[in-house]
Amino acid sequence: MRVAVVIPARNEEASLAAAIRSVLHQTQPAHRIVVVVNNSSDRTEQVARGFSDQGVEVVVMAANPDRKAGALNHAVMPLLVQLHERDAVLTMDADTELAPDFIATAAPHLLTRTRPDGRRGPLNGAVGGLY
(Lines give C-alpha, C1' and ligand atoms only; values in the text may rest on other atoms or scores of the structure.)
Protein backbone atom coordinates (compact mmCIF):
# COMPACT_ATOMS: atom_id res chain seq x y z
CA MET A 1 0.00 0.00 0.00
CA ARG A 2 1.28 3.42 -0.95
CA VAL A 3 0.31 6.45 1.14
CA ALA A 4 0.36 9.99 -0.21
CA VAL A 5 0.44 12.74 2.42
CA VAL A 6 -1.20 16.13 1.82
CA ILE A 7 -0.48 19.01 4.18
CA PRO A 8 -2.52 22.20 3.72
CA ALA A 9 -0.62 25.14 5.20
CA ARG A 10 -1.66 28.73 5.74
CA ASN A 11 0.77 30.94 7.64
CA GLU A 12 2.43 27.91 9.25
CA GLU A 13 6.11 28.85 8.92
CA ALA A 14 6.69 28.16 12.64
CA SER A 15 5.40 24.57 12.63
CA LEU A 16 5.57 23.30 9.05
CA ALA A 17 9.17 22.06 9.10
CA ALA A 18 8.48 19.80 12.09
CA ALA A 19 5.34 18.43 10.41
CA ILE A 20 7.24 17.63 7.20
CA ARG A 21 10.15 16.06 9.10
CA SER A 22 7.69 13.83 10.97
CA VAL A 23 6.43 12.50 7.63
CA LEU A 24 9.92 12.08 6.19
CA HIS A 25 10.97 10.03 9.25
CA GLN A 26 8.15 7.47 9.06
CA THR A 27 9.08 3.80 9.38
CA GLN A 28 6.86 3.23 6.33
CA PRO A 29 7.82 6.02 3.94
CA ALA A 30 5.15 8.12 2.29
CA HIS A 31 4.81 7.57 -1.46
CA ARG A 32 4.36 11.32 -1.99
CA ILE A 33 4.31 14.39 0.23
CA VAL A 34 2.41 17.42 -1.07
CA VAL A 35 2.29 20.72 0.82
CA VAL A 36 -0.46 23.08 -0.31
CA VAL A 37 0.51 26.65 0.55
CA ASN A 38 -2.82 28.37 0.95
CA ASN A 39 -2.99 32.19 0.84
CA SER A 40 0.04 32.53 3.13
CA SER A 41 1.52 35.91 3.94
CA ASP A 42 4.51 34.55 5.89
CA ARG A 43 7.43 32.27 4.90
CA THR A 44 5.36 29.06 4.68
CA GLU A 45 6.20 28.59 1.00
CA GLN A 46 9.94 29.00 1.57
CA VAL A 47 9.87 26.53 4.46
CA ALA A 48 8.06 23.96 2.29
CA ARG A 49 10.41 24.50 -0.67
CA GLY A 50 13.34 23.88 1.68
CA PHE A 51 12.31 20.20 1.60
CA SER A 52 11.96 19.90 -2.19
CA ASP A 53 15.33 18.16 -2.42
CA GLN A 54 13.80 15.41 -0.24
CA GLY A 55 10.89 14.88 -2.61
CA VAL A 56 8.35 17.22 -1.04
CA GLU A 57 6.07 18.74 -3.67
CA VAL A 58 4.83 22.29 -3.15
CA VAL A 59 1.58 23.62 -4.61
CA VAL A 60 0.91 27.33 -4.12
CA MET A 61 -2.62 28.72 -4.06
CA ALA A 62 -2.49 32.51 -4.21
CA ALA A 63 -6.26 32.91 -4.15
CA ASN A 64 -8.49 30.38 -2.45
CA PRO A 65 -11.94 31.47 -1.27
CA ASP A 66 -12.67 27.98 0.08
CA ARG A 67 -10.03 27.96 2.82
CA LYS A 68 -8.66 24.60 4.03
CA ALA A 69 -11.27 22.51 2.19
CA GLY A 70 -10.39 24.27 -1.06
CA ALA A 71 -6.68 23.65 -0.51
CA LEU A 72 -7.27 19.97 0.19
CA ASN A 73 -9.48 19.56 -2.87
CA HIS A 74 -6.92 21.35 -5.01
CA ALA A 75 -4.25 18.78 -4.10
CA VAL A 76 -6.30 15.63 -3.52
CA MET A 77 -8.40 15.65 -6.69
CA PRO A 78 -5.39 15.30 -9.05
CA LEU A 79 -3.88 12.67 -6.74
CA LEU A 80 -6.96 10.47 -6.84
CA VAL A 81 -6.68 9.78 -10.56
CA GLN A 82 -3.08 8.63 -10.07
CA LEU A 83 -3.68 6.27 -7.17
CA HIS A 84 -4.38 2.57 -7.25
CA GLU A 85 -7.24 0.89 -5.40
CA ARG A 86 -4.99 -0.10 -2.51
CA ASP A 87 -3.42 3.37 -2.11
CA ALA A 88 -4.44 5.94 0.48
CA VAL A 89 -4.27 9.69 1.01
CA LEU A 90 -3.40 10.97 4.47
CA THR A 91 -4.23 14.59 5.17
CA MET A 92 -2.69 16.26 8.17
CA ASP A 93 -2.52 19.75 9.59
CA ALA A 94 0.71 21.71 9.26
CA ASP A 95 0.92 22.12 13.04
CA THR A 96 0.82 18.36 13.61
CA GLU A 97 3.66 15.88 14.06
CA LEU A 98 3.18 12.18 13.38
CA ALA A 99 4.65 9.48 15.58
CA PRO A 100 7.36 7.65 13.58
CA ASP A 101 5.20 4.54 13.10
CA PHE A 102 1.90 6.31 12.36
CA ILE A 103 1.66 5.39 8.67
CA ALA A 104 2.84 1.82 9.28
CA THR A 105 0.28 1.41 12.05
CA ALA A 106 -2.65 3.09 10.27
CA ALA A 107 -2.22 1.75 6.73
CA PRO A 108 -3.29 -1.87 7.34
CA HIS A 109 -6.45 -0.71 9.09
CA LEU A 110 -7.45 1.37 6.09
CA LEU A 111 -7.44 -1.76 3.95
CA THR A 112 -9.20 -4.18 6.27
CA ARG A 113 -12.10 -2.32 7.81
CA THR A 114 -15.75 -3.06 7.26
CA ARG A 115 -17.31 -0.37 5.08
CA PRO A 116 -20.74 1.12 5.82
CA ASP A 117 -22.28 -1.21 3.21
CA GLY A 118 -20.97 -4.24 5.15
CA ARG A 119 -18.24 -5.22 2.68
CA ARG A 120 -14.64 -5.53 3.77
CA GLY A 121 -12.14 -3.34 1.96
CA PRO A 122 -10.55 0.07 1.76
CA LEU A 123 -12.11 2.90 3.72
CA ASN A 124 -12.80 6.27 2.19
CA GLY A 125 -11.67 7.99 5.36
CA ALA A 126 -10.64 7.57 8.94
CA VAL A 127 -9.34 9.71 11.78
CA GLY A 128 -6.33 8.87 13.87
CA GLY A 129 -4.48 10.70 16.58
CA LEU A 130 -3.28 10.96 20.13
CA TYR A 131 -4.82 13.71 22.22
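The second largest pocket of this predicted model encloses about 190 Å³ of space. Twelve residues line this pocket, and those nearest its centre are Ala-9, Arg-10, Asn-38, Arg-67 and Lys-68. Sorted by class, the lining comprises six charged, three polar and three nonpolar residues. Two of the elements that contribute to the lining of the second largest pocket are strand β1 and helix α3 (67-80), each with at least two residues. As a general point, rolling a probe the size of a water molecule over the atoms shows where empty space is left.

It helps to place this pocket in the overall fold. The protein chain contains four helices and six strands, and, read from the N terminus, its elements follow the order β-α-β-α-β-α-β-α-β-β. Contacts between residues 24 or more positions apart make up 69% of those with a separation of 6 or more in the protein chain. Of its 131 residues, 35% are classed as buried. The exposed surface of the protein chain comes to about 7,800 Å², with 51% of that area supplied by carbon and sulfur atoms.

Strand β1 is a good place to look at burial in detail. This strand covers residues 3-9, and seven of its seven residues are buried. Val-3, Val-5, Ile-7 and Ala-9 lie on one side, with Ala-4, Val-6 and Pro-8 on the other, so that both faces of β1 are covered, burial being taken as under 20% relative accessible area. Ala-9 also belongs to the residues nearest the centre of the second largest pocket.

Two strands pair with β1. Strand β2 (residues 32-38) runs parallel to β1 and is joined to it by six bridges; within this pairing, Pro-8 is found opposite Val-36 of β2. The pairing of β1 with β4 is likewise in the parallel sense, over four bridges. Here Val-5 is set opposite Leu-90, while Val-6 has Thr-91 as its bridge partner in β4.

Strand β4 (residues 88-91) offers a contrasting pattern of burial. In a regular strand the side chains alternate between the two faces of the sheet. In β4, the face to which Ala-88 and Leu-90 point is the one with buried side chains, whereas Val-89 and Thr-91 point to the other face and are not buried. Both residues named above as partners in β4 can be placed in this pattern: Leu-90, opposite Val-5, is buried, and Thr-91, the bridge partner of Val-6, is not.

Among the helices, α1 (16-24) has Leu-16, Ala-17, Ala-19, Ile-20, Ser-22 and Val-23 as its buried residues. An α-helix has 3.6 residues a turn, so residues three or four places apart point the same way. The cover over the buried residues of α1 includes strands β1 and β2, helix α2 and strand β3 (56-61).

The loops that follow β1 and β2 each hold a residue with a notable backbone angle. Most residues other than glycine have a negative phi, and most peptide bonds are trans. Asn-11, in the loop between β1 and α1, has a positive phi, near 55 degrees, without being a glycine. Asn-39, in the loop between β2 and α2 (44-49), also has a positive phi, of about 55 degrees, and is not a glycine. As for accessibility, Asn-11 is partly exposed at 29% relative accessibility, and Asn-39 is partly exposed with a relative accessible area of 24%.

The loop between α3 and β4 brings in residues from the start of the chain. His-84 is located in this loop, and its C-alpha atom is separated by 8.5 Å from that of Arg-2, although the two residues are 82 residues apart along the chain. Glu-85 is located in the loop between α3 and β4 as well; its C-alpha atom is 9.1 Å from that of Met-1, across a chain separation of 84 residues. Both loop residues pass the cut-off for exposure, which is over 50%: His-84 is exposed because its relative accessible area is 53%, and Glu-85 is exposed because its relative accessible area is 68%.

Note on methods. Residues numbered from 1 in each chain as written. Predicted model: local features only at pLDDT ≥ 70, side-chain atom pairs only at ≥ 80, totals over all residues. Heavy atoms only, no water. Buried < 20%, exposed > 50% of the residue type's maximum accessible area, 1.4 Å probe, protein only. Pairing = 2+ DSSP bridges. 1 Å grid on protein atoms, 1.4 Å probe; cavity = no way out; pocket = protein on both sides within 12 Å on 5 of 7 lines; lining within 4 Å. Points joined across faces, edges and corners; volume = space filled by probe spheres on them. Nonpolar A, V, L, I, M, F, W, Y, C, P; charged D, E, K, R; others polar. Contact = heavy atoms within 4.5 Å. Areas by Shrake-Rupley, 256 points an atom, 1.4 Å probe, with all protein chains shown as cover.
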